[in-house]
Amino acid sequence: MSRVYNFSAGPAVLPEEVLREAAEEMLDYRGTGMSVMEMSHRSKAYDTIIREAEADLRDLMKIPDNYRVLFLQGGASQQFAMIPMNLMKNRVADYIVTGQWAKKAWQEAGIYGRANKIASSEDETFSYIPDCSDLPVSEEADYVYICENNTIYGTKFKTLPDTKGKPLVADVSSCFLSEPVDVSRYALIYGGVQKNIGPAGVVIVIIREDLITEEVLPGTPTMLKYKIHADNGSLYNTPPAYGIYICGKVFKWLKKQGGLEAMKEHNEKKAKILYDFLDESRLFHGTVRKEDRSLMNVPFVTGNEELDAKFVKEAKEAGFENLKGHRSVGGMRASIYNAMPMEGVEKLVEFMKKFEAENA
C-alpha cells in the first residue's frame with residue numbers, strides 16, 4: 001500500500017527518510033544486537049542518543065548556554081500545571097488566551113494562584129491574534145503566557161507580546177522548529193513533539209537556568225520539578241526513550257534540509273499555495289484574519305456543513321487523510337507541518353479545484 005497524504009494535526013506526518021532509517025535499525029541498533037525500544041536508558045548507546053539529540057536541537061535553535069533543554073513526559077497538557085507549580089512564586093500570572101489550549105492552561109493556572117486573562121480573541125472564535133503591544137501586565141505577575149501557534153484555529157503570533165519586562169512563557173507545540181526563533185526572548189519555551197518533531201509521548205522544555213530553583217509551590221510532586229529533571233539530564237526516571245530517539249533523527253533531518261531558515265522558506269511556499277487558492281476560491285474560504293495566519297495549520301470551510309462532510313469523505317477516498325476540522329469548530333483543517341511534502345499541498349489544491357468544479 002502506498003502512503004497517504006496525512007494532514008493530521010497530531011500525531012502527524014514524519015519525514016519518510018526518518019521512518020525508513022528507524023525501520024532499518026528496529027531490530028539491531030548500530031551493532032548493539034537490540035532495538036532502541038529494548039535498550040536501558042542508562043546504557044552507553046542510549047546516553048549517546050539523548051546527548052546527540054540535545055546537541056543537535058541546541059545547534060538548530062541556537063539555544064544560549066544559560067538555557068537547559070529537558071526531554072519530559074506528560075505532553076504539553078502536563079506543562080499547564082508544571083509551569084505555575086515551578087514559576088508562580090507570587091501566585092500571580094498573566095495569560096493571553098488565543099485558543100483552546102491557552103484557555104486550558106489559563107484555567108489550570110487558576111488552581112495555583114491568580115491567573116489573569118489580559119487579552120483574548122474568544123469574541124470572534126479565536127480567529128485572530130489580539131493586539132499585544134500595550135497589555136495590562138500585572139506588576140506582581142511571575143510570567144506572561146502565550147500559545148504561539150493555535151493548532152485548532154490556525155492563528156500564529158507574528159510579533160511576540162510586549163510583556164513589560166516580565167518573563168515570557170510560550171507553548172510552541174504546533175510551530176516547533178518550523179522557523180528560526182530567538183530563544184533569548186523567552187523565559188521558557190515548550191511543546192509536545194507529536195505535531196512537528198516526533199511521536200507522541202515526549203514534551204521538550206527549554207528553560208532559562210535562573211528559573212530552575214528549589215523554590216516551588218508547596219505540594220509540587222518530585223516528578224513535576226524542573227530542577228529534578230535538569231539536575232539529572234532528563235534521566236531522573238526512565239524517559240520516553242524511543243520517542244527521543246526519533247526526535248533526534250528528525251533534528252538531523254532538519255539540519256540536512258538546511259536548518260530552520262530553509263524550513264521557514266519551504267513552509268512559506270507550501271502555505272502560500274493553499275492560502276492563494278482559498279483567497280480566490282468560489283467555494284472554500286479560510287477562517288483566519290490574513291495577517292494572523294499560521295504556516296502550519298490551515299482551517300477552511302465551504303459554509304455548508306453537508307458539503308464540508310462530503311468534501312472530507314471524498315478527500316479521504318482520494319488519499320487525503322485527516323482533513324476534518326477539530327470538533328469544536330467543524331469544517332476542515334489541513335496541517336502542513338515540516339514533513340508534509342510540497343507535492344502533498346499541490347495535490348490537495350488540485351483535488352479542491354476539482355471538488356469546487358463539481359459542487360459549486
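This passage walks through the salt bridges, cysteines, a surface patch and a small sheet of a predicted model.

Salt bridges come first. Side chains of opposite charge can pair when their charged atoms come close. In this structure, there are 32 such salt bridges. One of them joins Glu-16 to Arg-3, with 3.6 Å between the closest N and O atoms. Glu-16 sits in helix H1, while Arg-3 belongs to the segment before strand E1 (5–6), so this contact ties together parts that are 13 residues apart in sequence. Neither partner is hidden away: Glu-16 is partly exposed, at 36% relative accessible area, and Arg-3 is partly exposed too, at 49%.

A second pair reaches much further along the chain. Glu-25 makes a salt bridge with Lys-249, and here the closest N and O atoms are 3.0 Å apart. The two come from distant parts of the chain: Glu-25 is in the loop between H1 and H2, Lys-249 is in helix H6 (residues 241–257), and 224 residues separate them. Both Glu-25 and Lys-249 are buried.

Next up is the pair Asp-134 and Lys-164, whose side chains meet in a salt bridge at 2.6 Å, N to O. This one links two loops that are distant in the chain: Asp-134 is in the loop between strand E4 (114–120) and strand E5 (144–147), and Lys-164 is in the loop between strand E7 (155–156) and strand E8 (168–171), 30 residues apart. Asp-134 has 60% relative accessibility and so counts as exposed, whereas Lys-164, at 43%, counts as partly exposed. Salt bridges don't have to stay in separate pairs, either: Glu-52, Asp-56, Asp-59, Lys-252 and Lys-255 are joined into one network by salt bridges that share partners.

Now for the cysteines. The disulfide count comes to zero. For a pair to count, the two sulfur atoms would have to be within 2.5 Å. The sulfur of Cys-132 has its closest cysteine sulfur in Cys-147, but that is 13 Å away, so the two are too far apart for a bond. Cys-175 is in no disulfide either; its nearest cysteine sulfur, again that of Cys-147, is 7.8 Å off. As for where these residues sit, Cys-132 counts as buried, at 8% relative accessibility, and Cys-175 is buried as well, with a relative accessible area of 8%.

The surface has a feature to look at, too. Met-26, Leu-27 and Met-37 form a nonpolar patch there, and together they offer about 340 Å² of accessible area. Met-26 is found in the loop between helix H1 (16–24) and helix H2 (44–61). With 30% relative accessibility, Met-26 counts as partly exposed.

Last comes a sheet. Strands of a sheet pair through backbone hydrogen bonds, either parallel or antiparallel. The sheet in question is open and has three strands, in the order E11-E12-E14, with antiparallel pairing. Its edge strands are strand E11 (285–286) and strand E14 (332–335), each of which pairs on one side only. Strand E12 (residues 297–301) runs antiparallel to E14, and four bridges join the two. To pick out a residue to look for in the structure, take Val-298: its bridge partner in E14 is Ala-334.

Methods
Residues numbered from 1 in each chain as written. Predicted model: local features only at pLDDT ≥ 70, side-chain atom pairs only at ≥ 80, totals over all residues. Heavy atoms only, no water. Patch = residues over 30% accessible without salt bridge, like charges linked within 9 Å, V, L, I, M, F, W, Y side chains within 5 Å. Areas by Shrake-Rupley, 256 points an atom, 1.4 Å probe, with all protein chains shown as cover. Salt bridge = Lys/Arg side-chain N within 4 Å of Asp/Glu carboxyl O. Buried < 20%, exposed > 50% of the residue type's maximum accessible area, 1.4 Å probe, protein only. Pairing = 2+ DSSP bridges.
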